[in-house]
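Visitor: I should be grateful for a close look at a single part of this molecule. Please take me through that part and its surroundings step by step.

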Amino acid sequence: MERGLAAICLAVAIMALMLQVVARYGFDSALPWPEELAKFAFVWATFLGAAAGAGQKAHIVVDLVVGALPVRVRLMLAALVNATLVALLLVLAWHGARLVTLGFNSRLPAIELPLGTLFMAGPVALFLMAISYTAEFLSSASALARGAEEIEGDDAVVDPAKIIG
């Protein structure tokens, strides 16, 4: 879902900028709203893309030492890291939501949306990331409870090179 919405936001940003270029250089008359809409859409695309990356385990992982640890220790460490990430993301989302409420007192001048709708991208993405990392925590905890002797499937560390192509 996040990936699709991020793609739509990016397409909106690109179309708005193309419209602005055509209006400015083709008709010698810049429009007031496409640039602001593009910024708005790009902010949302960035945050939704980060949430999609969390869901696909595409964020950078430094596993130089972790790869040499026994499987049970890796699972315990993964559970600890994911639980810590969930807690941090939820705290950040909470404080971001407070910023969103303050932003609803102001409006974006050209597209006339409340500034809070722009700020909302952060807490929404942080909450979606927290959901992804909660699933990873539950996966690690479940593998530990089963007494897993090897990491398989979703519990494995994903090679970013495979995702990139």
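Visitor: What covers the buried residues of α2?

Guide: The structure is a predicted model, in which local features need a pLDDT of at least 70, side-chain atom pairs count only at pLDDT 80 or more, and totals for chains, interfaces and linings use all residues. Residues are numbered from 1 along each chain as its sequence is written, and side-chain values use heavy atoms, with hydrogens and water left out.

The cover over the buried residues of α2 includes α1, α4 and α5. Helices here are DSSP runs of H or I with at least four residues, strands are runs of E with at least two, and both are numbered from the N terminus. A residue is buried under 20% relative accessible area, exposed over 50%, and partly exposed in between, with a 1.4 Å probe and protein chains only.

Helix α2 itself covers residues 34-55. From its first C-alpha to its last, the 22 residues of α2 reach 31 Å, close to the 32 Å expected at 1.5 Å a residue; the expected span is 1.5 Å times one less than the number of residues. Its buried residues are P34, E36, A38, F40, A41, W44, A45, L48, A51, A52, G53 and A54. An α-helix has 3.6 residues a turn, so residues three or four places apart point the same way. In α2, the buried residues include F40, W44 and L48.

Seen from the other side, the buried residues of α1 pack against α2 and α5. These buried residues of α1 are E2, A6, C9, A13, A16, Q20 and A23. The 25 residues of α1 should span 36 Å at 1.5 Å a residue, and its end C-alpha atoms are 35 Å apart, so the two values agree.

Helices α1 and α2 are also joined at the surface. A nonpolar patch is formed there by L10, I14, M18 and F42, with about 400 Å² of accessible area together. Such a patch takes residues with over 30% relative accessible area and no salt bridge; like charges are joined within 9 Å and nonpolar side chains (Val, Leu, Ile, Met, Phe, Trp, Tyr) within 5 Å. A salt bridge is a side-chain nitrogen of Lys or Arg within 4 Å of a carboxyl oxygen of Asp or Glu, and accessible areas come from the Shrake-Rupley method with a 1.4 Å probe, where for residues only the protein chains shown count as cover. Helix α1 (residues 2-26) gives the largest share of the patch, three residues. One patch member, I14, lies in α1 and counts as partly exposed because its relative accessibility is 47%.

The loop between α1 and α2 holds D28, whose phi is near 55°, a positive value in a residue other than glycine. D28 is exposed because its relative accessible area is 72%. Just after α2, K57 also takes a positive phi, of about 55°. Most residues other than glycine have a negative phi.

The start of α2 also meets a distant part of the sequence. A110 lies in the loop between α3 and α4, and its C-alpha atom is separated by 8.4 Å from that of P34, although the two residues are 76 apart along the chain. Leaving aside its neighbours within four places in sequence, A110 is in contact (heavy atoms within 4.5 Å) with P32, W33 and E36. At 29% relative accessibility, A110 counts as partly exposed. E112 is in the loop between α3 and α4 and has a positive phi of about 60° although it is not a glycine; its relative accessible area of 51% makes it exposed.

For the wider setting, the chain has six helices and zero strands. Of its 165 residues, 31% count as buried. Among contacts between residues at least 6 apart in sequence, 70% join residues at least 24 apart.

Finally, a word on confidence. The chain averages a pLDDT, the predictor's confidence in each residue from 0 to 100, of 86, and 89% of the residues score at least 70. Among the elements, α3 has the highest mean pLDDT (93) and helix α6 (residues 160-164) the lowest (43). Over residues 153-165 pLDDT stays under 50. Where pLDDT is low, the predicted coordinates should not be read in detail.
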